[in-house]
Structures are given as C-alpha cells and as structure tokens.
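Me: I am new to this structure and should like to understand the terms used to describe it. Please show it and explain how each label is reached.

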Amino acid sequence: MTDHAIIADGLTKQYGTEHAVDDLSLSIPQGTVYGFLGPNGAGKTTTMRMLVTLTEPTAGTAQIAGVPITDRPRITQRIGYLPAEPPVFDELTAWEQLRHVARLHGIPDDEADRRIETLLDRFGLLADADKRIESYSTGMTKKVGIIAALFHDPDVVFLDEPTSGLDPRAARTVRDTIADLVTREMTIFLSTHILPIVDELADTIGVINDGTLVAEAPPAELKFRADESPDLETAFLEVTSERDTTDSERSQATDSDATGSEEQPHV
Ligand SMILES: Nc1ncnc2c1ncn2[C@@H]1O[C@H](COP(=O)(O)OP(=O)(O)OP(=O)(O)O)[C@@H](O)[C@H]1O
C-alpha cells in the first residue's frame, strides 16, 4: 500500500452541463483525518460517492489504499462508507443488521458476535440490540450505520455527517472513536457542517465550493489566514465567499443586469 490512502487526480462529475465536482485532486496520507467542508450543494457528497465507487466520474482517476476506484470489488473491502442516510434494513434488529454486514465481509459469526456486542455497548445500543431498526430514533439508526461502516476494520472510512442527529454524548463517542481509529492508522475522510469537530480532529481541511477545491490546509493555517477573527467559521466563510465574489464579479462582467449581491454560504 502507498503511504497515501486517498489519491485523486482531476476528478470531475458533470450532470448535464453542470459541474457538480470540477477537476478535484487530493493526496491524503494514511492514518490522518481529512475534514471536507463546503456549503450546501458544493459537491461534498458527489466527491465521496465517486471515491466509494457509487458514482462514476465523468473524468479523472482516483486510488483508495492503492486500489483504483475502477476496481469496485477490491475497493469495497478496503473502505467503509457512512452516507448521510445510513443504508439499513428497517425490519431487522441492530444485531441482525450487523450480522448481515459481517457476512458480506466474510467475518465468521462467532467473531462477528463478539464485535457486535463490543461496538453496540460502546455506542450505548446494547439494550436495544434486539429491537427492530424501524423503532429506532434517527440518532440510534445513525449509530448502527457508523458501526456498520467500521465493522470490517477498513483502511479508509468515509463519513458523511456522522454526528448529525446524535445527542452530545453519542457525538462525543463518535469523536473519540475517530481519534482512536487514527491511532490505528485508519484514514478518515470526514464531511460535516459541524466545524468544531473538524477543528478538533482534522489534520488537513479541504474546502470545496461550487465543485472546486478552494482551500486546503491544516486547521491552524486555515484559521491564521482569516483576517480578524481567527476561528474556523470565519475562515470557512472567507474562503467560500472569496469564490462567491469571483463568480459574482465574473457574472457582472458578462451580464450588465447582474445585481452582484452575495449570498451568505450556509455552514
Ligand atoms: N444525481 C444528480 N443529478 C443531478 N444533479 C446532482 C445529482 N447529485 C448532485 N447533483 C448536484 O450536484 C451539486 C453538488 O451536490 P452534492 O450533493 O454533492 O453537494 P453537497 O456538498 O454534498 O451538499 P449538502 O451539504 O447540501 O449535502 C448540486 O448542485 C446538486 O444539485
């Protein structure tokens, strides 16, 4: 395996004439946390879906743990993916769902049961393990999705909003789990709108806006670039509004009716 867990070169996804992601290149070292930020509709989920082989790029290449994303069977063994809506079978119990995930990865039942018990306990779900997921709250379902994404001990895990819907204790468990995974050389690609989490955990932050990577730096450096109030929210708003301004200027230059008004990006 290379010492870069995620390498992307010119990844592009076009829907019709719109570039959801445009010429994105990444080089993310193994055993690090990459915080992926961007306003709504910036291209975060599309990027992740290309990297986990759920969406085919229009152009560009990528490798995860040394495996090209065109090799889907090998990639799926090396990665875990938590989408914003965890893919669970509502009619199964949490224990059954995780048994199903274990079997997909060829993990023997006795070993799977030991891990299921440990992980459900860590996430405070053991008492509800035999209830159907359809009776779970949003946060409980999210926890099952997180456990499922990590279950086969992947080299690289992609987490899309892992703490949304979680209460503070569960969110803390997720943060602690991520910190623990990194000490075991797992690489985490973490997309979230909750900036303190990436501030705390990320080695590098990439900011995507309008399909383009507009900043990439360690959190401290990104904050240092923010002029007056050196916090991550200010830095985020600055790097994303810089591009809004550029776009607005470009459109003013080509459209005399343009108002030039800037929309505040959603964090
Ligand atoms: N299947 C699709 N068909 C057409 N357009 C799409 C499709 N999926 C995404 N897009 C468009 O691509 C752009 C990027 O969407 P994406 O979901 O990647 O953004 P995001 O950064 O994950 O946003 P959010 O923070 O709101 O989840 C948006 O303009 C979106 O409308």
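Reply: A residue is called buried if 20 or more other C-beta atoms lie within 10 Å of its own. In this predicted model, the buried residues of helix H1 are Lys44, Thr45, Thr46, Thr47, Met48, Arg49, Met50 and Leu51.

Me: What makes H1 mostly covered?

Reply: Eight of the eight residues of H1 are buried, and the helix is therefore described as mostly covered. Just after H1, Thr53 takes a positive phi of about 70°.

Me: Why is Ser241 called partly exposed?

Reply: Ser241 has 17 other C-beta atoms within 10 Å. Buried requires 20 or more and exposed requires 12 or fewer, so a count of 17 falls in between and Ser241 is partly exposed. Ser241 lies in helix H9, residues 232-254. From Ser241 to Phe36 there are 205 residues in sequence and 17 Å in space, C-alpha to C-alpha.

Me: Which residues surround the ligand, and what is their character?

Reply: The ligand is surrounded by Tyr15, Ala20, Gly38, Asn40, Gly41, Ala42, Gly43, Lys44, Thr45 and Thr46. Three residues of this shell are nonpolar, six are polar and one is charged. Lysine counts as charged, so Lys44 is the charged member. Helix H1, residues 44-51, gives the largest share of the shell, three residues.

Me: How much of the protein chain is buried?

Reply: Buried residues make up 39% of the 267 residues in the protein chain. The chain has nine helices and ten strands.

Note on methods. Residues numbered from 1 in each chain as written. Predicted model: local features only at pLDDT ≥ 70, side-chain atom pairs only at ≥ 80, totals over all residues. Near = placed C-beta within 6 Å. Helix = DSSP H or I, 4+ residues; strand = E, 2+ residues; numbered from the N terminus.
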